[in-house]
Amino acid sequence: MIDWKLILEVIGMLIYATFMGFIFMGIERKAMARIQRRVGPPIYQPIIDTLKLLGKKESVSHGFIYDFGPIFALGASIAALLFIPLAGFRLFSTNADLIVVAYLLEIPMLGIMLGAMSSGNPYSAVGVQRGLLTMVAMQLPYGLALIAVIQYWGTFKLNELVSLQQAHGWSILVPALFVAMIVFDMVFQAMLGLEPFDIVSAPAEISMGPMVEYGGKHAAILFTQHAVQLFAETAFFAVIFLGGASNLLELLIKQIAVLFIAIFVASIYPRFTIDQAAKFFWKWPTILGIIAVLLTM
Amino acid sequence: MINELLIIIFAPLIAGVIVWALDIKGVREAIGLIGAAIPLAYLAKLYSTVLNEAVNYSVTVSGFTLQFQLNSMSWYFAAVASLVGLAMALGMASTSKSSYDWLFALMSYTGVLGVFLSQDFVGFFLLWEMMTFASFMMVIRRNKHESLKYFVLSVIGAYAMLIAIGILYAKTGALDFATIRQALYIDASLGAISTAETALIFGLFLTAFGVKAGAVPLHVWAPGAYSETDQSYTTFFSGALSKAGTYGFLLIYILMGYKLYAALGTFHGHLTFAYIIAWIGAITVVVAGFLAVLQEDIRKLFAYSSVSQVGYILLAFGLGSSLGFAGGLFHVLSHAVFKGLFWLVTAAIILQTGKTQFKDMGGLAEKMPFTFAMGLIAVLSLAGIPPMAGFASKWLIYEAAIQAHMPLVAGAIFLGSGIAFAYVVRFLYAVWFGQRPSDLEDVKEAPLPLLIGMALLAVPNLLFGVAPGIVTKYLNRMLGGEIIGGDYYRLVTPTGTYNALLVAIALIIGLVIAGLVYLYGAKVRKIKVTNTYQSGNPVTEEFNLSIRKNFYRPLAEALDFWLKYSWDRFYERLAGITEDFADSLRQSFYNGNVQSYSWYLAIVLLILALWGVL
């Protein structure tokens, strides 16, 4: 008894998500360039980049874990994507709830860290350190925002969140959840690795941090991972705060809206240092998060 | 035929004594292993019996009746302890050459099993003290100062428990759990025991069990004691012995839950006493977690991490809902298996390298691949990566905490798991990856018994991760009722669902896709770890560029305000003040002047005369 429809949906969704993820990356670069009054690369540039990287004749490796890291990261991103209800496509989302997806979205980080650590490069080590500290810092407001949503709607299931929002209006129309959304959006900036929290890669300081050693197909896998992750995270945002979507176009519009907020914030602010970021996250977002949580109790 | 329960409890102790008396290489390990395996075997045999009815046994010793009972709850705790106990024995077969270690390790094993199986306070207290004494003896052999800390706090805990038992005995006239429970249940409506007295008993028990569980602020003994002993033994120390503390918290619920509810009432819709426990747990999770992140010693890191993880269990029990109990009990199991595994890995590292500081290690993954794989499983489980046992239990605690409407407590879990992620990756990086110091070039894989011990603990991490239903089905039976629905692979709570098998499959699908991209990609050329991008600034191999010391320095900077305060230093200062005070008393009273001594005598006599004694 094989559910062919589900299998086709999964395959189709993976292809669509990867492609759109690359386009999102392209939009990000293009929009950033336009804000800075540059011409910017074409929107499909990340796809070309990735194909070029895949076409390299030889990659170097620092050992098994160095290879395994990016694979694990991409695998986990794909797994996370499969548990998010994407428009009409439920995929596996009835089988895992918000907490599971929130955790699955964090695993790719571990994969990247694993790979980065197994090379002897000090830049990657600094990147790993920064990545984990950002995670520690953002975890509390992130958790509070999610808790506010769960408490208000009274369910952990993403599917039910979507149908409840379609029946009673989007989460952000509720004042308490609007506060939670603001908190989540600040955290979102760090999740996407954009300014002011692009401490992890910080191209000007530590040459892309964890990614510094990667080239060739390893880098291509990491690019793909970033694309899938970008798609999954924006979809996650849309599902919990913007009422999900009934078709892919609606979802796409919401995802791009979310993405543009992130891009605009990113192009205005300079980078925090890591201890500033920690202090920031433990101050305003946490206070707002506590307010949101108490309002929804 | 000797009773099975007595065999379960005392087999390790007897084996320990034999081992100690014989002390022959080879025989020592064999007998120790058999002694450690017997409880597990008997518990496995009694599994189906326990599910239907409790097994009872009682002995009368000089007027006191000691009652032992193997019910579904004590079976669970005892099974976890004996699994860890067997792994400990396997580890000790490699790491410990001393019969002294074997004797006291097995003695504390007996103590722990006895605590779980006792049904009255006489046996409970005696075996509790045996467990404390044996573990204290393990620590004192290596470090006097740390053992003294452990000793003082344990004594405080023991006195607190003794006083609490005394009050309960005075009020109810009974020492066995069933009668006390009944008496307190009836008293909840009568109110013969006043609120203040109930609160006092609660506070005393909280102290007694909090010390053993390592709850903040009574955790200060744990980092020292966990570090300064044979690391294989720490597997048991932190994996099972700390569970005795959490078991004590459950005992509070069982014995006096209703009375406490009647006496202390509710606070914003939560049971007041449970709310206290939940916050103790939440604070423990966060404080110990942050301290773990900042440690520079592998043993200290895991010691603080143990404290932090036991905090999760207290937190879950403090939620007071049956889902909370289920989550906490599941975490008892998963903490025991992943932290036990961590300590065995630590034992292997220390045995093979002789180093304990992160700054002296690095690049060991190539030298000890199997140990590394085991360490990675433990890391994934502790960090709560689905589908691992650590995730299943944490997931239940999340669900329970948010459903119980304790959002700030749930926030503490989020923060705590982020922190856990940070410190386990620190361990991964510093020990396994990066440039290898030149003196670690000839490190070898850990010895076989130790590896078997690791595998023994790694299997449950995977098994109960992919099939968490095995555990939750048992917990449903234990707690009486369908608390967590679903089947072997699927957990269903009223508001959430988690299909561990499907998550595992999705991960595998993802890994296969990524793996195919990798396999069909270009050729791979392997290069040295040190051959890296250095911005056109090549570095020779003499420089070790791996960051091993002060890895999380920015965090310490962000936390500098909070790090100024330390319970450790507070206690040290308290001890110092007490010492100074006692010293000044001694100097001013015993000043060597005969006249003042005669004055003291006169004053004392006067007081006694006024009192009417003379």
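Reader: Which domains does the domain assignment of chain B give?
Author: This is a predicted model. The assignment splits out two stretches of chain B, domain 1 and domain 2. Their bounds are 267–529 for domain 1 and 566–611 for domain 2.

Reader: What distance separates the centres of domain 1 of chain B and domain 2 of chain B?
Author: Each centre is taken over C-alpha atoms. Between the centres of domain 1 and domain 2 of chain B lie 51 Å.

Reader: How many helices and strands are there in chain A?
Author: Read along the sequence, the pattern opens α-α-β. Helices follow from there to the end of the pattern. The count for chain A is 13 helices and one strand.

Reader: Why is chain A as compact as a globular protein of its length?
Author: The globule rule gives 19 Å for 297 residues. Chain A comes close to that value, so it is as compact as a globular protein of that length. Its radius of gyration is 19 Å.

Reader: What percentage of the residues of chain A count as buried?
Author: The C-alpha atoms fill a box of roughly 55 × 55 × 40 Å along the principal axes. Buried means 20 or more other C-beta atoms within 10 Å of the residue's own. Of the 297 residues of chain A, the buried share is 62%.

Reader: What share of the contacts in chain A with a separation of 6 or more comes from residues 24 or more positions apart?
Author: Contacts with a separation of 6 or more are the ones counted here. Residues 24 or more positions apart supply 80%.

Reader: Why do the buried residues of H2(A) line one face of the helix?
Author: Helix H2 of chain A spans residues 45–54, and its buried residues are Pro46(A), Thr50(A) and Leu53(A). Seen down the axis, the buried residues line one face because they fall within an arc of 60 degrees.

Reader: Which helices do the buried residues of H2(A) pack against?
Author: Leu51(A) and Lys52(A) are exposed on the other side of H2(A). The buried residues pack against helices of chain A, H1 (4–35) and H10 (216–241).

Reader: Which residues of helix H7 of chain A are buried?
Author: H7 covers residues 158–168 of chain A. An α-helix has 3.6 residues a turn, so residues three or four places apart point the same way. The buried residues of H7 are Leu158(A), Leu161(A), Val162(A) and Gln165(A).

Reader: Which exposed residues does the face of H7(A) turned away from its buried side carry?
Author: The cover over the buried residues of H7(A) includes H4 (98–104), H6 (122–153) and H10 of chain A. The face turned away carries Ala167(A) and His168(A).

Reader: Which residue follows H7(A)?
Author: Its phi is positive, near 95 degrees. The residue is Gly169(A).

Definitions and conventions
Residues numbered from 1 in each chain as written. Chains lettered and ligands numbered in written order. Predicted model: local features only at pLDDT ≥ 70, side-chain atom pairs only at ≥ 80, totals over all residues. Domains from an automatic or database assignment. Helix = DSSP H or I, 4+ residues; strand = E, 2+ residues; numbered from the N terminus. Rg over C-alpha atoms; globule rule 2.2 N^0.38 Å. Buried ≥ 20, exposed ≤ 12 C-beta atoms within 10 Å, placed from the backbone. Contact = placed C-beta atoms within 7 Å. Arc of directions from axis to C-beta.
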